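Before you read the points below, please open the sequence beside the coordinates and keep both in view. The notes go from the ligand outwards, one topic at a time.

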Amino acid sequence: MLLHRLPRSYLLWSARRGDPFAQMVIGPDRGLGSSHFMEEIRQRGRMHHMSGFSVTADHELCRLILRDRRFGVVTPNNQALPKPIRWVMTKTDLELPNLAEPPAMLVTDPPKHTQYRRLVGQAFTPKAIAKLRERVVEVTDDLLERLGSTPRPDLIGDFSEQLPIAIIAEILGLPAQMHSTLLKWGDTGAPLLERGLTWTTFHRAIEDLAEGQRYFDQHIAGLTAEPGDDVLSMLVTGGELTRREQIANAALLLDAGFLTTVNMLGNGIALLTSHPDQLKLLTAQPELWPGAVEEILRYDGPVRITGRVASCDVDIADQHVKSRSLILLLLAGANKDPAVFPDPERFDVTRANAAEHVSFGSGVHSCLGASLARMEGAIALRALFERYPDLRLNGPPIPRDLVNLNSYRSMPAKLSAN
Ligand code: HEM
C-alpha cells in the first residue's frame, strides 16, 4: 500500500497533468518512450522538482551525487516521509531477500556496505574475471551450437538469458539444474525495482522471494557446514554476517549478476540488427567490439534509474538539496546528455568517450560485476554475429512491461538468410 498504491495514485495524477517523469513511469507510453520523456525532463532544468522528490537527467549532477558521501542509498527510513509512514514500513518489513531493500549491499550505506563489499569484492576484480574468459567462450559456443538446431529461436530465452545465468550460477556455486527456477525468480522479482506496482505483480514477486529465501537458507546452511571455493562460501565464512545478511547479499549477487546482463545482450542485438552500418564496421574491425559494448550500454543501458537521499543540507553543482530529499538519478538520461555526448541519439560504435556512461553507476556502489558484464557482452555479441552473419529479427522484439529495467521479453529471430 505505502510502497506502491500511494506512489501509483500520485504518479497517475501527475501523468494526467502532463508531468514528463510521471508519464515515463506510468503513462500509456511508459518505458518505450523513455528517451523522449528524459529530454523533456532535461528541458525543465538540471533538477526537476516533484512532490516529495526531484529528478535529474544531468550527467554531471548524477556523477557528483553518486560519488558524494553526503548522499546515501534509498531506504524506507531515510526519506522525508511522515513519521507514522516510516514506522509502518519498518514494522511491516517482510524480511525477504528483496534486492531493493537492506541489508542487500546495493541499499546499505558504509560502514556496513564496506564490510559486505570487501567480503566478495576480490572475486570480481578485472584480474579475477579475466580468468573466467575461457569458460565464457565455451558456454557461448555451446549455446550458439544449440541455437542452430532450435526451430524458432528466441534470442532472449535461448541465448541472452542462458549465458549470464550459467556464468553467475557457476561463480556462486549454484547447480545447473536450478537455472530455470532462478530465471523464473528473476522474472517475477525484477518489478520490485519499480514503484507503483499493481497488487498482483507485487504479490507474485513476494511469493517467489519467499521461495528464494527458503532455498538460500538451506543452501547457506550447507555451505556453513561444508564451504566450497565459490563466492557464496566467501560470503558465509569470511565475516560475521547474520543469516539474513548472508541471504540478502547472496540473492543480490545472483539477481544483479544476470537480470541486467541479459538486457545488455538483448538491447545490443536489437541495436546492431537495426544499425547494419555499425555491424559492418564491427565485422571489418573486430577490435571495435569492446567499444561497441560501451556504446550499447550508453545508448540503451539496462538500468534506467537509481536514487539517493541527502543525509544533510547539500550545495552541489549550483543546486541546493535539503536534508532527507530524495533525488532520482536518470542514468539513461545522463547517458544522452549532449554536454558530454555530442549528437547523443546517434548510435556510434566508434564513439570515443562512450565509456563515460553511468550505466554501471559510480562511486562506492558502482557495479561490482562491471568487468564481468563487459567481458560477457564483447564475447557473446561478437560470437553471435560471427557465427550467424545473416542473422535478422523475425518481427519486432517484445519489450517487458518495466520502466527501470530496460529489457525485452522475447526476440524471435532467423539465423540465416533463407
Ligand atoms: C550490463 C550489466 C550490468 C549493469 C548495467 C549493471 C548496473 C549496475 C548499477 C547501475 C549499479 C549501481 C546502482 C546504484 O548505485 O544504485 C550496480 C550495482 C551492482 N551490481 Fe551491477 N550491473 C550489471 C551487471 C552486474 C553483474 C554481472 C554483477 C555480478 C555479480 C553485478 C553485481 C552488482 C552488485 C553486487 C551491485 C551493488 C554494488 C554495491 O552496492 O556496492 N552487476 N550494477
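Which element gives the most residues to the shell around the ligand? The answer is in point 2, after a word on the model itself.

1. The model is predicted, and for that reason local features are described only at pLDDT of at least 70 and side-chain atom pairs only at pLDDT 80 or more, whereas totals for chains, interfaces and linings use all residues. Residues are numbered from 1 along each chain as its sequence is written, and side-chain values rest on heavy atoms, with hydrogens and water left out.

2. It is α14 that gives the most to the shell around the ligand, with six residues. Helices and strands here are DSSP runs (H or I of at least four residues for helices, E of at least two for strands), numbered from the N terminus. There are 28 residues around the ligand, and those that come nearest are H113, R117, T306, H365 and C367; a residue counts as near a molecule or strand if one of its heavy atoms lies within 4 Å of it.

3. The iron atom of the ligand has C367 as its only protein donor, through SG at 2.3 Å. Donors are taken as N, O and S atoms within 2.8 Å of the metal (3.2 Å for Na, K and Ca), and since water is not among the atoms, sites may look incomplete. In the chain, C367 belongs to the loop between α17 (331–334) and α18 (370–387).

4. Oxygen atoms of the ligand also meet polar atoms of the protein, a polar contact being a pair of N or O atoms within 3.5 Å; within protein, one atom must be able to donate a hydrogen and the other to accept it, and residues adjacent in sequence count only if both atoms are side-chain atoms. An N or O atom in the side chain of H113 is 2.6 Å from a ligand oxygen, a polar side-chain atom of R308 is 2.7 Å from one, and a polar backbone atom of M105 is 3.4 Å from one. Two or more residues of the shell come from each of α6 (112–121), α14, β4 (305–310) and α18.

5. M105 sits in the loop between α5 (83–91) and α6. With a relative accessible area of 6%, M105 is buried, where buried means under 20% relative accessible area, exposed over 50% and partly exposed in between (1.4 Å probe, protein chains only). Apart from neighbours within four places in sequence, M105 is in contact with H113, Y116, R117, V120, N249, L252, H365 and L368, contact meaning heavy atoms within 4.5 Å.

6. The loop between α5 and α6 also holds P103 and P111, and each deserves a look at its backbone. The peptide bond from P102 to P103 is cis, with omega near 10°, and P110 and P111 are likewise joined by a cis peptide bond, with omega about 10°.

7. Helix α6 has H113, Y116, L119, V120 and G121 as its buried residues, and their cover includes α13 (231–237) and α14. Is E245, a residue of helix α14 (243–273), buried or exposed? E245 counts as buried, at 9% relative accessibility, and its side chain is joined to that of Y116 by a polar contact of 2.6 Å. Beyond four places in sequence, the contacts of E245 are P103, K112, Y116 and E240.

8. Helix α8 (residues 133–148) has 16 residues and reaches 23 Å from its first C-alpha to its last, close to the expected 22 Å, a span reckoned as 1.5 Å times one less than the number of residues. Its buried residues include V136, V139, T140, L143, L144 and L147. Because these cover an arc of only 135° around the axis, they are on the same side of α8; the arc is that of the directions from the helix axis to the C-beta atoms. Exposed E134, E145 and R146 are on the face turned away from that buried side, and the cover over the buried residues includes α9 (156–160), α10 (162–172) and α18.

9. Finally, two residues other than glycine have a positive phi: A317, at about 40°, and R324, near 70°. A317 is in the loop between β5 (314–316) and β6 (319–321) and is partly exposed at 22% relative accessibility, while R324 is in the loop between β6 and β7 (326–330) and is partly exposed at 32%.
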